[in-house]
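Colleague: Please choose a single part of this model and describe it closely, in a form suited to someone who has not seen it before.

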Amino acid sequence: QVQLVESGGGLVQPGGSLRLSCAASGSIFSINAMAWYRQAPGKQRELVARITSTDSTNYADSVKGRFTISRDNAKNTVYLQMNSLKPEDTAVYYCNARVIVVGGHYEYNYWGQGTQVTVSS
């Protein structure tokens with residue numbers, strides 16, 4: 001019923017920047033919080049940044065001051081601007097959205113397919 005499609009990943013040198021996008025589509029009534037998670041090889045998936053429907057944000061300590069999350073509610077899209085990238089930011093980045101579907105009463109959790117970000121010289 002709801003699909004999340006990420007884009008913007010790729011290979012970047014240390015110190016560089018990337019901007020990830022995630023567009024939600026389908027039978028959407030409303031989207032509450034949206035977030036970006038990441039999972040590096042051999043590690044658990046971790047929260048990178050989260051933004052609520054009222055634009056309140058929170059970030060993992062490791063990305064504060066370097067990453068910025070934002071959203072365009074008219075487009076059902078969330079963005080992650082990543083600056084000053086480090087090799088330890090290398091991971092698959094996943095979009096997450098908590099959605100109430102048309103005709104529904106409860107919030108459900110949806111995930112994108114993931115996009116690879118590699119930071120290497």
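Modeller: Strands (E, at least two residues) and helices (H or I, at least four) are DSSP runs, numbered from the N terminus. The model is predicted, so to speak of local features requires pLDDT of at least 70, and side-chain atom pairs count only at pLDDT 80 or more, while totals for chains, interfaces and linings use all residues. Residues are numbered from 1 along each chain as its sequence is written, and side-chain values use heavy atoms, without hydrogens or water.

I begin with strand E8, which spans residues 77–82 and includes Thr77. Thr77 is buried because its relative accessibility is 7% (buried is under 20%, exposed over 50%, partly exposed in between; 1.4 Å probe, protein chains only). Leaving aside residues up to four places away in sequence, Thr77 touches Cys22, Ala23, Met34, Ser70, Arg71 and Asp72 (heavy atoms within 4.5 Å). A polar atom of the Thr77 side chain also lies 2.9 Å from the backbone oxygen of Lys75.

Beyond E8, the loop leading to strand E9 (91–101) holds Asp89. Arg38 forms a salt bridge with Asp89, their closest N and O atoms being 2.9 Å apart (a side-chain nitrogen of Lys or Arg within 4 Å of a carboxyl oxygen of Asp or Glu). This pair links distant parts of the chain, 51 residues apart, with Arg38 in strand E4 (residues 28–39). Asp89 is buried because its relative accessible area is 1%, and Arg38 is likewise buried, at 6%. Arg38 meets Glu46 in a salt bridge as well, at 2.7 Å from N to O; Glu46 is partly exposed, at 34%.

Notes: A polar contact is a pair of N or O atoms within 3.5 Å; within protein, one must be able to donate a hydrogen and the other to accept it, and residues adjacent in sequence count only if both atoms are side-chain atoms.
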